[in-house]
Every structure is written in C-alpha cells, then in structure tokens.
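I opened this notebook to keep track of what I looked up, one topic at a time. The entries follow the order in which I checked things.

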Amino acid sequence: METVLITGGTGLIGKILVKALLDRGYSVIVLSRTPGNQNSFSKQLCYAAWDIEKNTIDIEAIKKANFIIHLAGASVAEKRWTDKRKNEIMESRIKSSAVLVNAISKYGGNVKAVISSSAIGYYGENDFAKEEESRFVETDTASTDFLGSVCKQWEESIDPVSAFGKRLVKFRIGIVLSNEGGAIKEFNKPLKFGLATILGNGKQIISWIHIDDLVSQFLYAIENEKMSGVYNAVAPNPVSNRELTLNLAKVKRKFFIPLYVPSFILKIMLGEMSTEILKSATVSSKKIEGTGFSFQFSTIQSAMQKLGRE
C-alpha cells in the first residue's frame, strides 16, 4: 500500500480527495497544525504535524510518503484584499512550499512525485470568445496583476523538487463546482430567495471544473508516470457567468428571477477582488486531454445536473 502525504487536506478539495485516495486503497497522511484535534475515520488515515511559521514538519511523515499532494494556501476569496490579506495569501503558499522542499531534500527518498496546486489566476484577462484559438494555454506568460504574481511565485516555490529527481505536476485549477463550498455555495445564497444573481453584465467567461473531475485528475497524475509539468485543470467547455448562474438556478429552483448586480456595486463591496469576478478567463483543457484523461462532466449542463441531484 503506497502512502500519499497531503497538505490542505481539510479544505474543499482536500476533504474529497482524501476520501477518494482511501477508496483507491492508498494510505493517507494529512499534515495539520493541530493533528491531535483530528478524528480519523479509517485505519488508512492519520494526521501529522507541521507549522509553516515555525518551519517545522513531521520528519517521519515525509519519510513514509511515496507521493505528496500540495494544496495548502490561504483562501483567495474568503476576505477583502487588504495589504495584510494579500501578504497572507502570498506567504501561506511560498512558506508552505519552502517547508516541503526542505524536508523532501533531506528525508524524501521514497517520494516518487509531487502534485501541486496552482490556479488559472496565473493568466490575465482575455476576450469573451470561447473559441479554442483564443484560450490560454500552459505556455502563456503569467499576468502581472496580484493573482498572476501569486500563482507565478507559488509555482516557482515548489519547482526545486524537480532538482531532487522528483516528478512534478502542477495543476492550474479553474472555478471548482461543488455543493460542499466554493463558488456554488455563494451562488446558492441568493437562490434560497429565488434570485439568480448575474454578476456585472454576465458576459465574462468562467473556466470551471466539477469537483469529481478535479479529484480524478489528481489521482490520474499520481498514477500516470508520464505526466509532468503544468496542466490546466478546467473543463473543455467554459461558459459565461450568465450561463453558469441560470443553469444552476434551473436545477436548484422551480421558479427564480434573474438579477443583474452592477459592476460598480461589486467594486464597492469587494474592492480589488471584484476585478477577478468581472474578468474573462477562457482557458484550454487540451493538454490534459492529450494525456488520455477523460472528463466525466464536460458541459455545464451535465455538471449542474449532478450538483442538483446531490
């Protein structure tokens, strides 16, 4: 039985990924600042301590790991982007990677591969077109805005593991669709009152991925030894904000009223973060598809139908 060490294992992606790994027969070690407070529901699952501020990590956990999945990082959407919060977002990623890199260099002899998360915030804004030729691909340069800088440095911070002979895969993750949290949770709030809130003019393109497909990609990256480098973790068919919102409303409510939220209100409410909500990011999935990966939910309709049944 091979062992997967995971950071960020209690987050939206991490919780579902841990379960999938256990179902697949892996032994899982979740790194936590408070491992003693966690309850294990499986003999295959245990928790180990780390503290990125103190630069400490459980050495035995690193020694046992055959694969490392790195998801840790402060939430981008949880709080308003003050200078303090921006620093937290950046440092949580850079420091956590540094702790891992240092530990792997000394004790990671059994580690075969590291699979690290990044985000499509790496890219800037493109137009509202969905055509393949207009989409961002993995070789495009990083945006110079805040999220572009975060993602660029985030990816660079884990790069040194390649020098240790470890296979490295980095996923630039799109908007994750899950009933457990994230974007869908926010869209669901006004839907409880029968309001389908369309942000801005609703034309901005969203590159999304269903949580089940995302988890499958992490498993695929572990088990496919030919995979290395950067891959966009997005579904093949991006949609506008309006399309996403209305498709969600149709599966969640029998009756709803579309409500446009003007851009200036979003800017007042969210500050700089509103630029990310209002921009188009049309991202290509061709590279991951080229490895043989098959999406279970390639259209927004199929994804929303699944979410509606849960």
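Entry 1, the small sheet. I began with a single pair: leucine 177 has histidine 210 in strand 12 as its bridge partner. I noted at once that I am working from a predicted model. The pairing belongs to strand 8 (residues 175–178) and strand 12, which run parallel and are joined by three bridges. I then looked up the sheet around them and found an open one of three strands, in the order 9-8-12, with mixed pairing. Its edges are strand 9 (181–182) and strand 12 (208–210), each of which pairs on one side only. Helix 1 packs on this sheet, where it touches strand 8 and strand 9. The direction of helix 1 makes about 60° with that of strand 8.

Entry 2, the eight-stranded sheet. I moved on to an open sheet of eight strands. I wrote down the order as 4-3-2-1-5-6-7-13, and the pairing is mixed. Strand 4 (56–57) and strand 13 are the edge strands, each with pairing on one side only. I went through some of the pairs from the strand 4 end.

- Strand 3 and strand 4 are antiparallel, with two bridges. Aspartate 51 has threonine 56 of strand 4 as its bridge partner.
- These two strands, strand 3 and strand 4, form a hairpin with four residues between them. In the turn I found asparagine 55, with a positive phi of about 60°.
- Strand 2 and strand 3 run parallel and are joined by five bridges. Serine 32 stands opposite alanine 49 in strand 3.
- Strand 6 and strand 7 are also a parallel pair, with seven bridges. The bridge partner of serine 117 is phenylalanine 171 in strand 7.

Next I asked which helices pack on this sheet. Helix 3 does, touching strand 1, strand 2, strand 3 (45–51), strand 4, strand 5 and strand 6. Its direction makes about 170° with that of strand 5. Helix 6 packs on the sheet too, touching strand 1, strand 5, strand 6, strand 7 and strand 13. The direction of helix 6 makes about 165° with that of strand 7.

Entry 3, a helix pair. I checked how helix 3 (residues 83–107) sits against helix 4 (residues 146–158). Their axes are 8 Å apart and the packing angle is about 10°. Angles under 35 degrees count as roughly parallel, so helix 3 is roughly parallel to helix 4. On the helix 3 side the contact is made by Lys86, Ile89, Met90, Arg93, Ile94, Ser97 and Val101. On the helix 4 side I listed Phe146, Ser149, Val150, Gln153, Trp154, Ser157 and Ile158. Sorted by class, the contact has eight nonpolar, four polar and two charged residues.

Entry 4, two residues followed up. Is isoleucine 158 buried or exposed? Isoleucine 158, in helix 4, has a relative accessible area of 0%, so I entered it as buried. Apart from neighbours within four places in sequence, isoleucine 158 is in contact with His70, Ser97, Val101, Val114, Ser116, Leu168 and Lys170. I also looked up valine 169, which is 11 residues from isoleucine 158 along the chain; their C-alpha atoms are separated by 10.0 Å.

I then turned to serine 116, found in strand 6. Serine 116 is buried, at a relative accessible area of 1%. Not counting residues up to four places away in sequence, serine 116 touches His70, Ile158, Val169, Lys170 and Phe171.

Entry 5, the nonpolar cores. Nonpolar side chains tend to be buried together in soluble globular proteins. I looked for such groups here. The largest nonpolar core has 35 residues, and Leu21, Ile69, Ile115, Phe171, Ile173 and Phe218 touch the most other members. Elements that each supply at least two residues of this core include strand 1 (3–7), helix 1 (12–23), strand 7 (167–173) and strand 13 (229–233). Helix 6 gives the most, with seven residues. For leucine 21, I listed the contacts beyond four places in sequence: Val4, Tyr26, Val28, Ile69, Leu219 and Ile222. A second, separate core has 22 residues, among them Ile29, Ala72, Val99 and Ile158.

Note on methods. Residues are numbered from 1 along each chain as its sequence is written. This is a predicted model: local features need pLDDT of at least 70, side-chain atom pairs count only at pLDDT 80 or more; totals for chains, interfaces and linings use all residues. Side-chain values use heavy atoms; hydrogens and water are left out. Axes are lines fitted to C-alpha atoms, for helices over the stretch in contact, and angles run from 0 to 180 degrees between N-to-C directions. Angles under 35 degrees count as roughly parallel, over 145 as roughly antiparallel, 65 to 115 as roughly perpendicular and the rest as oblique. Contact means heavy atoms within 4.5 Å. Ala, Val, Leu, Ile, Met, Phe, Trp, Tyr, Cys and Pro count as nonpolar, Asp, Glu, Lys and Arg as charged, and the others, Gly among them, as polar. A nonpolar core is a set of buried Ala, Val, Leu, Ile, Met, Phe, Trp, Tyr and Cys residues joined through side-chain atoms within 4.5 Å. Buried means under 20% relative accessible area, exposed over 50%, partly exposed in between (1.4 Å probe, protein chains only). Two strands pair if DSSP finds at least two bridges between them.
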